[in-house]
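Here is a short report on one protein and its ligand. Have a look at the model first, then read on.

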Amino acid sequence: MPTADAHPERWDVIVVGAGPAGCAAAVAARRERPGARVLLLDRAAFPRDKVCGDGIAAEALDVLAELGMDAAAIADGYPPVERLRLSAPGGAEVERRMARAAHVIPRRVLDARILAEALSQGVEFRRHAVRTVQSTPHGVVVDGLRADVVVGADGAESVVRRALHPAPPAGTVALAFRAYADEPAGQPGTQVITMTSAHWPAYAWSFPDGTGRANVGYGEVLTAAPPSRAAMLERWDALAPTAGTRDALRAHRLPLSTGRPPVPDGRILLVGDAQCLINPLTGEGIFYAVRSGQLAGRAALAGAGAGSLYRRTMRRALGRHFRHTTLLARVTRAPRLIDAAVRACRHDQRVFDDLLRIGLADGLLTPRLVTGLRP
Ligand SMILES: Cc1cc2nc3c(=O)[nH]c(=O)nc-3n(C[C@H](O)[C@H](O)[C@H](O)COP(=O)(O)OP(=O)(O)OC[C@H]3O[C@@H](n4cnc5c(N)ncnc54)[C@H](O)[C@@H]3O)c2cc1C
């Protein structure tokens, strides 16, 4: 009987999942070695929906631009969102202009545009739901397709991750609902985040996309069994009721970077949500998805050395940041520290900028942010 290893179709890199992380990895591999045979697999046909707040940090678009993608075309039709209003669990509030404007782009639109950019750089795409991933002495076999290296970019419930690691530990996964609604009156160009000490860490958001619609949602970190849908919706309504109908209401889990698994040696790399890289303070994950995808795609052409190369470059790019966010997530288990930080943001734009940089991209705990956290 022929073994899977004897299958004739061979790729340099197979990327499982064509979301932002997977597209970034596939393009980075092609740019690292033009002519590399890179296959991108996704179970969905694009455009497809993805449960998300749709907030795109400027730094995420920077990475896409570094990958040769047209960031302006990707954001076309969705004007920059300049301001952010934060309400802390104890009631402290701040609203300021962000140092770098964000965008709010429905993922149905964003991800299809990113995939189109990847295809224009010579990546091949096939619709296929991956079920098995198997290491062999000379490569990896994905449902019978052979590759030198496989990048698992298949999101929060990653099949590739499950082949390598146990489930993330309790307290390192969040659950959130999102929906679409008409933009609330008086909120143009302003993202709003409303935190609550009930079921902390928990917050509701309203992110207008500049077209008259807003992405609205509510999420909390799971410390025990997930609450029922009815309980979550009740908590959301109590915190931030939405005027009018909530369309396309859906829930999804967020694997936080506080529970990310180690990056192993070898030929199977994990990126984005598959590697559990979501910011534990904000739920931002798209920046980490594209940055980790970029680094994994570059490392993927190193064959058996891909895992160790990816681990080293990830540590250099994001190691300190992850240590600082883990520390910040731990100390802000006491919600009054968030109130203190928000009050400090009211007094000093630079503290606000530092807080956003660590919450949305690769920032660090700066001395003035640490001072601001003192109640
Ligand atoms: C409610 C909610 C709100 C959020 N809000 C924000 C926000 O405002 N800003 C932000 O930056 N981040 C936000 N995030 C996090 C963000 O959505 C993720 O971090 C980001 O989508 C990760 O990108 P990814 O490419 O790793 O995974 P995904 O975007 O999930 O892409 C994974 C892809 O893999 C495919 N796939 C899955 N399994 C298989 C399989 N077996 N075979 C083939 N293909 C497969 C899927 O179809 C999908 O296309 C939010 C998350 C949630 C749940």
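How many aromatic pairs does the count come to?

## Aromatic pairs

The count comes to five aromatic pairs. Keep in mind that this is a predicted model.

Take tyrosine 203 and tryptophan 205. Their rings form an edge-to-face pair. The centres are 6.1 Å apart, and the planes meet at 65°. An angle over 60 degrees counts as edge-to-face, so this pair fits that label. Phenylalanine 287 and tyrosine 288 also form an edge-to-face pair. Here the centre-to-centre distance is 5.3 Å, with 75° between the planes.

One aromatic cluster is made of Tyr203, Trp205 and Phe207.

## Buried or exposed?

Are tyrosine 203 and tryptophan 205 buried or exposed? Buried means under 20% relative accessible area. Tyrosine 203 has 17% relative accessibility, so it counts as buried. Tryptophan 205 has 12%, so it is buried too. Phenylalanine 287 and tyrosine 288 are both buried as well.

## Around the ligand

There are 36 residues around the ligand. Asp42, Gly53, Gly55, Arg107 and Asp273 come nearest. Sorted by class, the shell has 17 nonpolar, ten polar and nine charged residues.

Some polar atoms can be paired up. A backbone N or O atom of glycine 55 lies 2.8 Å from a nitrogen atom of the ligand. Arginine 107 places a polar side-chain atom 2.8 Å from a ligand oxygen atom. For aspartate 273, a polar side-chain atom is 2.6 Å from an oxygen atom of the ligand. On its own, the ligand has 1,000 Å² of accessible area, and the protein covers 95% of that.

## Elements and domains

Which elements give two or more residues to the shell around the ligand? They are helix H1 (20-32), strand E12 (202-208), strand E14 (247-255) and helix H7 (286-299).

Why does the ligand lie between two domains? Domain 1 (4-79 + 103-168 + 257-328) gives residues to the shell, and so does domain 2 (173-254), so the ligand lies between them.

## A glycine in a loop

Where is glycine 272 found? It sits in the loop between strand E15 (268-270) and H7. At 0% relative accessibility, glycine 272 counts as buried, because the limit is under 20%.

Now compare glycine 272 with arginine 146. They are 126 residues apart along the chain. Their C-alpha atoms are separated by 23 Å.

How values were computed: Residues numbered from 1 in each chain as written. Predicted model: local features only at pLDDT ≥ 70, side-chain atom pairs only at ≥ 80, totals over all residues. Heavy atoms only, no water. Near = heavy atom within 4 Å. Polar contact = N/O pair within 3.5 Å; in protein donor to acceptor, adjacent residues only side chain to side chain. Areas by Shrake-Rupley, 256 points an atom, 1.4 Å probe, with all protein chains shown as cover. Helix = DSSP H or I, 4+ residues; strand = E, 2+ residues; numbered from the N terminus. Nonpolar A, V, L, I, M, F, W, Y, C, P; charged D, E, K, R; others polar. Domains from an automatic or database assignment. Phe/Tyr/Trp six-rings, centres within 6.5 Å; stacked < 30°, edge-to-face > 60°. Buried < 20%, exposed > 50% of the residue type's maximum accessible area, 1.4 Å probe, protein only.
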